[in-house]
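Q: Give me a close look at one part of this one: how the helices pack, and the space left beside them. Throw in a few words on how open some individual residues are.

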Amino acid sequence: MAKVQKKGLVRIYNAGKYSMKGFKAGLENEAAIRQEMFLAVILTAVAFYLRYFSDFAYSTLELLALIAMPWITVVTELLNSGIEAVVDRIGTEFNELSGRAKDLGSAAVFVMLILTLVTWVVIIADHCI
(Lines give C-alpha, C1' and ligand atoms only; values in the text may rest on other atoms or scores of the structure.)
Protein backbone atom coordinates (compact mmCIF):
# COMPACT_ATOMS: atom_id res chain seq x y z
CA MET A 1 0.00 0.00 0.00
CA ALA A 2 1.32 3.42 -0.94
CA LYS A 3 2.25 5.94 1.74
CA VAL A 4 -0.28 8.78 2.04
CA GLN A 5 1.49 12.08 1.37
CA LYS A 6 0.63 15.13 3.43
CA LYS A 7 -0.37 18.25 1.52
CA GLY A 8 -0.14 22.00 1.89
CA LEU A 9 1.11 23.60 5.07
CA VAL A 10 1.37 20.27 6.90
CA ARG A 11 3.83 19.01 4.30
CA ILE A 12 5.89 22.22 4.53
CA TYR A 13 5.86 22.06 8.35
CA ASN A 14 6.96 18.41 8.31
CA ALA A 15 9.71 19.17 5.78
CA GLY A 16 11.03 21.92 8.04
CA LYS A 17 10.89 19.60 11.06
CA TYR A 18 12.84 16.90 9.19
CA SER A 19 15.39 19.50 8.04
CA MET A 20 15.98 20.66 11.61
CA LYS A 21 16.33 17.01 12.67
CA GLY A 22 18.95 16.60 9.94
CA PHE A 23 20.87 19.70 11.06
CA LYS A 24 20.81 18.46 14.65
CA ALA A 25 22.07 15.00 13.64
CA GLY A 26 24.80 16.51 11.48
CA LEU A 27 25.98 18.90 14.18
CA GLU A 28 25.95 16.19 16.85
CA ASN A 29 27.61 13.44 14.81
CA GLU A 30 29.85 15.07 12.20
CA ALA A 31 32.86 17.21 13.14
CA ALA A 32 33.28 18.30 9.51
CA ILE A 33 29.78 19.80 9.47
CA ARG A 34 30.44 21.68 12.72
CA GLN A 35 33.76 22.99 11.39
CA GLU A 36 32.42 24.04 8.00
CA MET A 37 29.32 25.70 9.49
CA PHE A 38 31.55 27.61 11.94
CA LEU A 39 33.76 28.70 9.04
CA ALA A 40 30.69 29.71 6.96
CA VAL A 41 29.36 31.87 9.81
CA ILE A 42 32.77 33.54 10.27
CA LEU A 43 33.27 34.11 6.53
CA THR A 44 29.77 35.53 6.19
CA ALA A 45 30.48 38.03 8.97
CA VAL A 46 33.86 38.90 7.43
CA ALA A 47 32.29 39.41 4.00
CA PHE A 48 29.72 41.85 5.42
CA TYR A 49 32.38 43.62 7.47
CA LEU A 50 34.66 44.05 4.46
CA ARG A 51 31.78 45.26 2.27
CA TYR A 52 30.22 47.75 4.65
CA PHE A 53 32.85 48.72 7.25
CA SER A 54 36.18 48.74 5.41
CA ASP A 55 37.83 50.25 2.36
CA PHE A 56 37.02 47.23 0.19
CA ALA A 57 34.52 48.37 -2.40
CA TYR A 58 33.50 45.12 -3.98
CA SER A 59 30.15 44.69 -5.68
CA THR A 60 26.97 43.16 -4.35
CA LEU A 61 27.53 40.20 -6.68
CA GLU A 62 31.00 39.67 -5.20
CA LEU A 63 29.49 39.87 -1.70
CA LEU A 64 26.99 37.23 -2.71
CA ALA A 65 29.80 34.97 -3.99
CA LEU A 66 31.81 35.42 -0.79
CA ILE A 67 28.76 34.45 1.28
CA ALA A 68 27.38 31.69 -0.96
CA MET A 69 30.55 29.65 -1.48
CA PRO A 70 31.09 28.57 2.15
CA TRP A 71 27.40 27.78 2.56
CA ILE A 72 27.37 25.69 -0.63
CA THR A 73 30.32 23.84 0.91
CA VAL A 74 28.15 23.15 3.99
CA VAL A 75 25.40 21.82 1.71
CA THR A 76 27.91 19.54 0.00
CA GLU A 77 29.16 18.29 3.38
CA LEU A 78 25.58 17.58 4.50
CA LEU A 79 25.01 15.52 1.35
CA ASN A 80 28.35 13.74 1.80
CA SER A 81 27.45 12.87 5.39
CA GLY A 82 24.11 11.51 4.19
CA ILE A 83 25.89 9.30 1.67
CA GLU A 84 28.27 8.07 4.36
CA ALA A 85 25.40 7.31 6.75
CA VAL A 86 23.58 5.23 4.13
CA VAL A 87 26.75 3.35 3.17
CA ASP A 88 27.58 2.66 6.83
CA ARG A 89 24.06 1.40 7.45
CA ILE A 90 24.45 -1.20 4.71
CA GLY A 91 27.42 -2.84 6.39
CA THR A 92 30.87 -2.46 7.87
CA GLU A 93 32.68 -4.92 5.62
CA PHE A 94 34.80 -3.51 2.81
CA ASN A 95 33.01 -3.05 -0.48
CA GLU A 96 34.58 -1.34 -3.48
CA LEU A 97 31.37 0.47 -4.46
CA SER A 98 30.76 1.65 -0.89
CA GLY A 99 34.30 2.97 -0.72
CA ARG A 100 33.87 4.68 -4.09
CA ALA A 101 30.63 6.34 -2.96
CA LYS A 102 32.32 7.71 0.15
CA ASP A 103 35.38 8.84 -1.81
CA LEU A 104 33.24 10.62 -4.41
CA GLY A 105 31.34 12.46 -1.69
CA SER A 106 34.61 13.46 -0.07
CA ALA A 107 35.95 14.64 -3.43
CA ALA A 108 32.85 16.84 -3.90
CA VAL A 109 33.51 18.51 -0.54
CA PHE A 110 37.18 18.99 -1.47
CA VAL A 111 36.23 20.66 -4.76
CA MET A 112 33.88 23.03 -2.92
CA LEU A 113 36.56 23.90 -0.37
CA ILE A 114 39.00 24.72 -3.19
CA LEU A 115 36.36 26.76 -5.06
CA THR A 116 35.58 28.69 -1.88
CA LEU A 117 39.26 29.41 -1.28
CA VAL A 118 39.82 30.49 -4.90
CA THR A 119 36.73 32.74 -4.82
CA TRP A 120 37.87 34.48 -1.65
CA VAL A 121 41.48 34.86 -2.84
CA VAL A 122 40.50 36.22 -6.27
CA ILE A 123 37.96 38.75 -4.96
CA ILE A 124 40.13 39.98 -2.07
CA ALA A 125 43.30 40.08 -4.19
CA ASP A 126 41.46 42.00 -6.92
CA HIS A 127 40.71 44.75 -4.42
CA CYS A 128 44.16 44.76 -2.80
CA ILE A 129 46.14 45.21 -6.02
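A: Let's settle one term before the details: buried is under 20% relative accessible area, exposed is over 50%, and anything in between counts as partly exposed. Keep in mind that this is a predicted model. By that yardstick S54, at 26%, is partly exposed. S54 sits in the loop between α2 and α3, and its C-alpha atom is 36 Å from that of S106, which is 52 residues away along the chain.

Now for the packing. Two packed helices are described by the angle between their axes and the distance between the axes. Take α1 (residues 8-29) and α2 (residues 31-53): their axes are 5 Å apart, at an angle of about 105 degrees. Angles of 65 to 115 degrees count as roughly perpendicular, so that is the label for α1 and α2. On the α1 side the contact is made by F23, G26, L27, E28 and N29, and on the α2 side by A31, I33, R34 and M37. By type, those residues split into five nonpolar, two polar and two charged.

Move on to α2 and α3 and the geometry looks like this: an angle of about 175 degrees, with the axes 9 Å apart. That makes α2 roughly antiparallel to α3, since anything over 145 degrees gets that label. From α2 the contact takes in A32, I33, E36, M37, A40, V41, L43, T44, A47, F48, R51 and Y52. Facing them from α3 are T60, L63, L66, I67, P70, W71, T73, V74, E77, L78 and S81. This contact divides into 16 nonpolar, four polar and three charged residues. I33 and M37 turn up here and also in the contact with α1.

Then come α3 and α4, whose axes come within 9 Å and cross at roughly 170 degrees. These two are therefore roughly antiparallel to each other as well. The residues of their contact comprise 15 nonpolar, nine polar and six charged. A125 belongs to α4, which covers residues 96-128. At 29% relative accessibility, A125 counts as partly exposed, and its C-alpha atom is 37 Å from that of R100, 25 residues off along the chain.

What about the space left over? The largest pocket has a volume of about 190 Å³. Its lining consists of G22, A25, G26, N29, E30, I33, L78, S81, G82 and A85. Both α1 and α3 (60-90) supply at least two residues of that lining. In chemical terms the lining divides into four nonpolar, five polar and one charged. Several names carry over from the packing: G26, N29 and I33 line the pocket and also take part in the contact of α1 with α2. Likewise, L78 and S81 are in the lining and on the α3 side of the contact with α2.

G22 is a handy place to zoom in. This glycine is found in α1, and it is partly exposed, with a relative accessible area of 35%. G22 and G82 both line the pocket; they are 60 residues apart in sequence, yet 9.2 Å apart C-alpha to C-alpha. Elsewhere in α1 there is G16, which at 33% relative accessible area is partly exposed. G16 and E62 are 46 residues apart in sequence, and the C-alpha to C-alpha distance is 30 Å.

Notes:
Residues numbered from 1 in each chain as written. Predicted model: local features only at pLDDT ≥ 70, side-chain atom pairs only at ≥ 80, totals over all residues. Heavy atoms only, no water. Axes fitted to C-alpha atoms, helices over the stretch in contact; angles between N-to-C directions. Helix = DSSP H or I, 4+ residues; strand = E, 2+ residues; numbered from the N terminus. Parallel < 35°, antiparallel > 145°, perpendicular 65-115°, else oblique. Contact = heavy atoms within 4.5 Å. Nonpolar A, V, L, I, M, F, W, Y, C, P; charged D, E, K, R; others polar. 1 Å grid on protein atoms, 1.4 Å probe; cavity = no way out; pocket = protein on both sides within 12 Å on 5 of 7 lines; lining within 4 Å. Points joined across faces, edges and corners; volume = space filled by probe spheres on them. Buried < 20%, exposed > 50% of the residue type's maximum accessible area, 1.4 Å probe, protein only.
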